[in-house]
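Me: Could you walk me through this model and tell me what stands behind the terms you use? Here it is.

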Amino acid sequence: MIDNNIPKEYLALKINYCRQQLNQLPDVKLHVHTVNGLSVKRISIANRRFNLDSKNGKQAYKIWIRREQLERELDLYETIWRCNFKGDLLSECEPHKVVRTLAIDTNKHVVMDKVWFDSLKNDANTKHAKPTDYPFNGIYYRSAAERDIAMFYTEMGIPFKYEPEVYIKGMVMPIYPDFVLYIEELDNCKFHEHFGIKNSVNYLRTTSIKYGNYTNAGLIPELDVLFTHDVEEIPFDIRYLSSKLNTAIYGTMISTKQNEQHSWTAS
């Protein structure tokens, strides 16, 4: 699925992120020796060897595991690139930290980064009962489309929280967005609202209210917040979400890099 749906720009970002992380991590090697018929594992880092059960050995082993994961991902992403695209990676698709904030009160903003993402409770909306027809990875989703969205993000390797409790400026009670995503390559979160009730005037009114609430909290539609729909004449298609996600990520990449360049020039 990831081979069919991952867009070019996002794929380039993922490849560059894996390369960046591997360059930053020290080289670690795992050694296996046989002593008296038993396998003994030791790990080396910076020309020093440690037992796996030592403090330094455990720390080095975590780095080794991370390098193995990144190398597997890089191999997969580079294979997809060679099969689907030609030429060098897009130079503007560079991983960097993005600072986008959410107004949770008149005088208080939070940076939508990993710390904030980790603070959100997954599947927190207990106000409305959910059907049991659409389970995935231990969570019941409210529609087949929402389950497909969750499967899509999982395939893409994008962490997300489903219906987390979020406080935003102008709201007395918390809101429960359908999805909050974490884009690791940019250390940035995005909201995703999927509107799935068809031909409902009241539901369309709710859509308009949510749109206004997000913009009032300082978020930019289609950059910080994705909106997808499922209506009679235009049924939901996961390829549409893939395109919107790529646009939001690519827009975030180039706009924040431009801000950094302008700030550097001004200083």
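Me: Which residues of α2 are called buried, and what makes a residue count as that?

Reply: Happy to help! This is a predicted model, where local features need pLDDT of at least 70, side-chain atom pairs count only at pLDDT 80 or more, and totals for chains, interfaces and linings use all residues. Residues are numbered from 1 along each chain as its sequence is written, and side-chain values use heavy atoms, without hydrogens and water. Buried means under 20% relative accessible area (1.4 Å probe, protein chains only). In α2 the buried residues include Tyr 10, Leu 11, Lys 14 and Gln 21.

Me: How do you know that the span of α2 agrees with a helix?

Reply: Helices are DSSP runs of H or I, at least four residues. The expected span is 1.5 Å times one less than the number of residues. For the 17 residues of α2 (residues 8-24) that gives 24 Å, and the end C-alpha atoms are 25 Å apart, so the two agree.

Me: What makes a set of residues a nonpolar core?

Reply: Its members are buried Ala, Val, Leu, Ile, Met, Phe, Trp, Tyr and Cys residues joined through side-chain atoms within 4.5 Å. The largest such core has 39 residues, and Tyr 153 and Phe 179 touch the most other members. Its largest share, seven residues, comes from α2.

Me: Why are β2 and β3 called paired?

Reply: Two strands (DSSP runs of E, at least two residues) pair if DSSP finds at least two bridges between them. Strand β2 (residues 38-45) and β3 have four bridges, in the antiparallel sense, so they meet the definition.

Definitions and conventions:
Buried means under 20% relative accessible area, exposed over 50%, partly exposed in between (1.4 Å probe, protein chains only).
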